[in-house]
Amino acid sequence: MYFIVGLGNPGLQYENTRHNVGFITIDYLANKYDIDVRKLKFKSLYGQGEISGHKVMLIKPQTYMNNSGEAIRELKNFYKFDIDKLIVIYDDIDIDFGTIRIRKKGSAGSHNGMKSIIYQIQDDQFPRIKVSIGKKPERWDLAKFVLSGFSQEEVGVLEDEIRLAAEGIEIILKDDIDKAMNKCNSIKLVKEDNE
C-alpha cells in the first residue's frame, strides 16, 4: 500500500489557501477515484482505495501544518511501511508558478510541515511532490502570503498544477518515480512574458 499525504491546515478559514494545496490535491484524487477521506485516526482524516492498480491510503493530517510529522509518525509506527511507499504533496514558493516538482528525497528546505515530518520519522528518503503557489510579493510576510487565497487568474493555473500532480502520482504508481519526474517536472503551465 502507498501512503499519499497532502499537507495543509484543518478548518474552513484555511480551506482554499496557498498552504493547503496538499489537501486540495488529496481532495482531487479522492473525487477522481471515489475514495472517501473521512475516517479519523492517526491525527488524520484518511480513506483507502485504489489508484493505478495499487492500494492507496489518502491522508490529510489534522495537526496543523507545523506538526504534520506527528500524524506521519503515528501512521508509520502502526503500518510499518517502507519509506519509499510514502508520498508527500505540499506547497512550494521557490519554484515557478505553473510548475510542479517531483523529487525522490531531500531536505525540507524552508517548509515547516516537511521539517516536522523529517524530524518525527528521522528520514528524508521519501518521494515528494511540490506544487507551486507563486512567489511571495516583496513586502509581504511569508506567513501571511501562504495563508492567503488565490486570485481569479491564479485559480485556473493551480487547478492545472493539481491535475499534473495527480498525474505524477498515477505514473509513480503505474511505472516509477523516474518516469514521473521526466514527464511532469518539465511541464510549464504558464508562458513566460518573453516566450
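A pocket is taken here as an open set of grid points with protein on both sides within 12 Å along at least five of seven lines. With that in hand, the predicted model can be explored pocket by pocket.

The second largest pocket has a volume of about 270 Å³. Its lining is made up of 17 residues, and Glu15, Phe23, Ile24, Asp27 and Lys60 are the ones that lie nearest the centre. Two elements, α1 (21-32) and α5 (152-174), give two or more residues each to this lining, and α1 gives the most, with four residues. Sorted by class, the lining of the second largest pocket comprises seven nonpolar, five polar and five charged residues.

Turning to the largest pocket, the volume comes to about 410 Å³. Here 22 residues form the lining, with His19, Ser110, His111, Asn112 and Val146 nearest the centre. At least two lining residues come from each of β5 (86-92) and α4 (142-146). The lining of the largest pocket divides into 10 nonpolar, eight polar and four charged residues.

His19 deserves a closer look, as the unreviewed UniProt entry carries the annotation "active site" at this residue. Histidine 19 sits in the loop between β1 (2-6) and α1. The residue counts as buried because its relative accessibility is 13%, under the 20% cut-off. Beyond its neighbours within four places in sequence, histidine 19 is in contact with Leu7, Gly8, Asn9, Met65, Asp91, His111, Val146 and Leu147. Among these partners, His111 and Val146 also belong to the residues nearest the centre of the largest pocket.

Methods:
Residues are numbered from 1 along each chain as its sequence is written. This is a predicted model: local features need pLDDT of at least 70, side-chain atom pairs count only at pLDDT 80 or more; totals for chains, interfaces and linings use all residues. Side-chain values use heavy atoms; hydrogens and water are left out. On a 1 Å grid over the protein atoms alone, a cavity is a set of points where a 1.4 Å probe fits but cannot get out, and a pocket is an open set with protein on both sides within 12 Å along at least five of seven lines; lining residues have an atom within 4 Å of a point. Grid points are joined across faces, edges and corners, and a volume is the space filled by probe spheres set on the points. Ala, Val, Leu, Ile, Met, Phe, Trp, Tyr, Cys and Pro count as nonpolar, Asp, Glu, Lys and Arg as charged, and the others, Gly among them, as polar. UniProt positions are given in the numbering used here, feature names are shortened, and annotations may be inferred rather than shown by experiment. Buried means under 20% relative accessible area, exposed over 50%, partly exposed in between (1.4 Å probe, protein chains only). Contact means heavy atoms within 4.5 Å.
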